[in-house]
Each structure stands twice: as structure tokens, then as C-alpha cells.
Amino acid sequence: TPNAAEAEDKGAEIERRLYHGDRWALNVNLGFLDTEYTSIGAAADAVRPGDPFAQAPESTVSVGVQYEHTFGSGPTLVPRFDYTWTDDYTLATDYRNQSFQEAYGLLNARVTFAPADERWRLAVFGTNLTDEYYMNSGFYSESNQLNFVTLGGPREVGASLTFSFE
């Protein structure tokens, strides 16, 4: 495996959780990343100076919001929505065989119900609700002349039931 002699990366991440009263919660996360190979060395046939790192998007944004409602007799209902956006990125460092993932967003949701004694919880949830097609990782095989990729999960829905024995 060829290695680059030198590389540079700079980034920042900002994360904040805000509350409005006892019921509302908002999570916000912003990520910024700048990567590049600066000196190539033994990787001269696969990597060029200025190329970005594989699987390193320049920007990511995540927002989550939830509301907790307590009914008069004590049970709670908590709906939550999360959205994550990821900037485009390359899947492989080798410029001859790069595959690119375009920017995409994922929407997830969950609604949880718990009775007043909280001895159990019932949740209904959905992930990738917009059914985004995206690649997590990948590489090109010269000997097979094929791109191999790992796909992100499709839309999924489900339910969970949790018991507490305390």
C-alpha cells in the first residue's frame, strides 16, 4: 500500500445543546474539515499533492429536536427528529480510481411512550426516512476492473419495547 510522505489537516467542530423550558431540547453540531496531501513520496503513482483524504467531507451538519410531554396522570410521550447532512467526498485516495459520494442528508425520527412508573418504554422509530442512496466506503480493484462499495442503510422502520426490573 503506497503511503504519502506528508499530509495536512485542519478542522473545527462546534456542538451545542439548547433547552427551552423543561420540554424542548435542540442539538446542533457543525463540523468543518480541510485535508490535503502535501508531499507524496512513495505514493507518487496514486496520490497527487493537494488531493483530499478519502472519506473526509469538508462540512457536516446535524440538528436534532425533541419535545417531552407529560400527561396529567404521569405518562410521557417524547417525539424526536434528527437530520444529518454530509458534504460530498471521495471514497478512495488513488486519483486514478476515485469514486465520489455526492452530498446527502439523512432524516431519522423516534416517538417514545413511557407510563408514569417508567417500568417499560415503547418506541416507534424510522431511520433514513427519505430513503437516501449513499455509499459509506469503497475502493476500485484493478485486477477485477470493478468498484466495490459499502452502501448506507435503506429506509428502516421498527419498534422497541424496553423493560426495567429495578
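## Basis of the description

A residue is classed as buried under 20% relative accessible area, as exposed over 50%, and as partly exposed in between, with a 1.4 Å probe and protein chains only. By this rule Trp24, at 41% relative accessibility, counts as partly exposed.

The model is predicted, so that local features need pLDDT of at least 70 and side-chain atom pairs count only at pLDDT 80 or more, whereas totals for chains, interfaces and linings use all residues. Residues are numbered from 1 along each chain as its sequence is written, and side-chain values use heavy atoms, with hydrogens and water left out.

## Aromatic pairs

Five aromatic pairs are present in the structure. Rings of Phe, Tyr and Trp (its six-membered ring) are paired if their centres lie within 6.5 Å; planes under 30 degrees apart count as stacked, over 60 as edge-to-face and the rest as tilted. One of the pairs joins Trp24 and Tyr67: the ring centres are 4.7 Å apart and the planes stand at 55°, so this pair is tilted. Trp24 belongs to strand β2 (residues 24-39) and Tyr67 to strand β3 (residues 59-67), so the pair links distant parts of the chain, 43 residues apart. Strands here are DSSP runs (E, at least two residues), as helices are (H or I, at least four), numbered from the N terminus. Tyr67 has 22% relative accessibility and therefore counts as partly exposed.

Tyr104 and Tyr134 form a stacked pair, with 4.4 Å from centre to centre and 15° between the planes. Tyr104 is in strand β8 (residues 104-114), while Tyr134 is in the loop between β9 and β10 (135-141), so the pair ties together parts that are 30 residues apart in sequence. Both rings belong to buried residues: the relative accessible area of Tyr104 is 9%, and Tyr134 has 10% relative accessibility.

## Salt bridges

A salt bridge requires a side-chain nitrogen of Lys or Arg within 4 Å of a carboxyl oxygen of Asp or Glu. By this rule, the count is four. Lys10 is bridged to Glu8, with the closest N and O atoms 3.7 Å apart, and also to Asp34, at 3.8 Å from N to O. The pair of Lys10 and Asp34 links distant parts of the chain, with Lys10 in strand β1 (residues 6-20) and Asp34 in strand β2, 24 residues apart. Glu8, Lys10 and Asp34 are thus linked in a network of salt bridges.

The residues of this network are partly exposed: Lys10 has a relative accessible area of 47%, Glu8 has 37%, and Asp34 is at 37% relative accessibility. Elsewhere, Glu118 forms a salt bridge with Arg121, where the closest N and O atoms are 3.2 Å apart. Glu118 is partly exposed, with a relative accessible area of 41%, and Arg121 is partly exposed at 33%.

## Nonpolar surface patch

Trp120, Leu122, Leu161, Phe163 and Phe165 make a nonpolar surface patch of about 560 Å². The elements that give two or more residues to this patch are β9 (120-127) and β12 (156-163). Patches consist of residues with over 30% relative accessible area and no salt bridge; nonpolar side chains (Val, Leu, Ile, Met, Phe, Trp, Tyr) are joined within 5 Å, and like charges within 9 Å. Accessible areas come from the Shrake-Rupley method with a 1.4 Å probe, and for residues only the protein chains shown count as cover.

Two members of the patch may be described further. Leu122 lies in strand β9 and, at 36% relative accessibility, counts as partly exposed. Trp120 also lies in strand β9 and is partly exposed at 31% relative accessibility. Leaving aside neighbours within four places in sequence, Trp120 is in contact (heavy atoms within 4.5 Å) with Phe113, Ala114, Pro115, Leu161, Thr162 and Phe163. The C-alpha atoms of Trp120 and Leu106 are separated by 29 Å, although these residues are 14 residues apart along the chain.

## A buried threonine

Thr76 lies in strand β5 (residues 76-86). With a relative accessible area of 8%, Thr76 is buried. Apart from neighbours within four places in sequence, the contacts of Thr76 are Glu68, His69, Thr70, Thr112, Phe113 and Ala114. Phe113 and Ala114 are also among the contacts of Trp120.
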